[in-house]
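Please read the following with the sequence and the 3D view side by side. The text starts at one loop and works outward from there.

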Amino acid sequence: MNQNIGTEEAIKRWDSFADTYSANHTEQGDLHKEVFLNPTLLSLMEPVRNKNILDAGCGEGYLSRMLARSEATVTAVDYSSRMIEIAKGRTPNDLLIDYRQGNCEDLYCLEDKRFDLIVSNMVIQDLANYEKAFQEMYRLLVDGGCFIFSILHPCFVTPESGWEKTKDGKKLHWNVDKYFYEGVYEQGLGDKEKMLFFHRTLTSYINTLIKTGFILERIIEPKPSKEMLEKYPSFEEDFRCADFIVFKLKK
Ligand SMILES: C[S@@+](CC[C@H](N)C(=O)[O-])C[C@H]1O[C@@H](n2cnc3c(N)ncnc32)[C@H](O)[C@@H]1O
């Protein structure tokens, strides 16, 4: 793929996909967020009451609303103007969230050391300049503040990965290819939308976080809990490999 394709094109596609994407989201997000990401993200957070939190790449805003309902002071940024419109529309008047349109690679509109916690749920693999985004997150955190983010697991979700199936559709194993490719690739989400993702190796992620100045506190590769498996038995297959990885970092 043309390596000059970057964040601007990715956001154009998010703008046109925003309504379809948001239609899948309840106040728990979508199914994967309910099963894997919310329990993990929330388990990594200290109590959020009265904390200044940035939701970086908030989408339609379910996580911002969850945090605001727990009495955090929430600023929510997304580069897609349509996502911000939807997020505002889904937020009741009594829930005060400061929604802003902005690029996580350059949040000049927000001053240094403004946040105790930054969460970014499934966003970093969607933007081109992750080095710059990490630098911005570092700049925006108070000393001792935390940055928690989830991404597609870069070891398993690569530009060419997917189930190897028998002719009758039985899943044999998960194939991974092009792991060491770093850059943009296209992937279908939903029926027709081709979204842009940016792949990097696990080494690149970790070394870039360290170079930015972060201290790595924890990594979690979420698996479904017993309760979630009882509710959604089809997630049994997620014990075979990890779709997501979640990092907790300290400034
Ligand atoms: C997979 S969605 C996740 C949305 C939300 N965090 C959630 O968990 O529902 C990715 C979001 O990141 C936003 N995004 C992508 N690149 C961005 C950037 N450079 N700056 C801010 N938002 C960005 C997209 O517009 C989209 O809303």
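K178 is found in the loop that connects β7 (171–177) with β8 (183–189). The model is a predicted one. Phi of K178 is near 60°, a positive value in a residue that is not glycine. Most residues other than glycine have a negative phi. Is K178 buried or exposed? K178 has 12 other C-beta atoms within 10 Å. The limit for an exposed residue is 12 or fewer, so K178 counts as exposed.

E71 is another residue with a positive phi, about 70°, although E71 is not a glycine. E71 lies in the loop between α3 and β2. With 12 other C-beta atoms within 10 Å, E71 is exposed.

K178 leads on to P159, since K178 is on the contact list of that proline. P159 sits in the loop between β5 (141–152) and β6 (160–165). Setting aside residues up to four places away in sequence, P159 touches K178, Y181, Y185 and H199. In sequence, P159 and Y181 are 22 residues apart, and their C-alpha atoms are 7.8 Å apart in space. P159 has 18 other C-beta atoms within 10 Å. A buried residue would need 20 or more, and an exposed one 12 or fewer, so P159 is partly exposed.

The strand that follows this loop, β6, holds W163. W163 is also partly exposed, with 13 other C-beta atoms within 10 Å. What does W163 touch, leaving aside its neighbours within four places in sequence? W163 is in contact with K171 and W174. A separation of 22 residues looks quite unlike the previous case here: W163 and L141 are 22 residues apart in sequence and 40 Å apart in space, C-alpha to C-alpha.The next topic is the sheet. Seven strands make up an open sheet with mixed pairing, in the order β3-β2-β1-β4-β5-β11-β10. The edges are β3 (97–101) and β10 (215–220), each of which has a single partner strand, so one side of each is left without a neighbour in the sheet. From one strand to the next, the twist averages 15°. Strands of a sheet pair through backbone hydrogen bonds, in either a parallel or an antiparallel way.

Two of these pairings can be followed residue by residue. β1 and β2 run parallel and are joined by five bridges. Across this pairing, L54 has T75 in β2 as its bridge partner. β2 and β3 also run parallel, and five bridges join them. There, D78 stands opposite Q101 in β3. As for cover, β1 is mostly covered, with four of its five residues buried.

Helices lie across the strands. Helix α4 (residues 81–89) lies across β2 and β3, and its direction is at about 160° to β3. Helix α5 (residues 130–140) lies across β1 (52–56), β4 (115–121) and β5, running at about 145° to β5.

The ligand comes next. Which of the 24 residues around the ligand come nearest? They are G57, G59, Y79, S80 and N121. The elements that give two or more residues to this shell are α1 (7–23), α3 (62–69) and β2 (73–78). Of the elements, α1 gives the most, with four residues. Sorted by class, the shell has 13 nonpolar, seven polar and four charged residues.

Last, the protein as a whole. Its secondary structure comes to seven helices and 11 strands. The C-alpha atoms fill a box of roughly 55 × 40 × 35 Å along the principal axes. How does the radius of gyration fit a compact globule, and what is the value for the protein? For 251 residues, a compact globule would have a radius of gyration near 18 Å, and the protein has 18 Å, which agrees. Buried residues make up 37% of the 251 residues. Among contacts with a separation of 6 or more, residues 24 or more positions apart account for 66%.

Methods: Residues are numbered from 1 along each chain as its sequence is written. This is a predicted model: local features need pLDDT of at least 70, side-chain atom pairs count only at pLDDT 80 or more; totals for chains, interfaces and linings use all residues. A residue is near a molecule or strand if its C-beta atom, placed from the backbone, lies within 6 Å of it. Ala, Val, Leu, Ile, Met, Phe, Trp, Tyr, Cys and Pro count as nonpolar, Asp, Glu, Lys and Arg as charged, and the others, Gly among them, as polar. The radius of gyration is taken over C-alpha atoms; the globule rule is 2.2 Å times the number of residues to the power 0.38. Two residues are in contact if their C-beta atoms, placed from the backbone, lie within 7 Å. Two strands pair if DSSP finds at least two bridges between them. Axes are lines fitted to C-alpha atoms, for helices over the stretch in contact, and angles run from 0 to 180 degrees between N-to-C directions.
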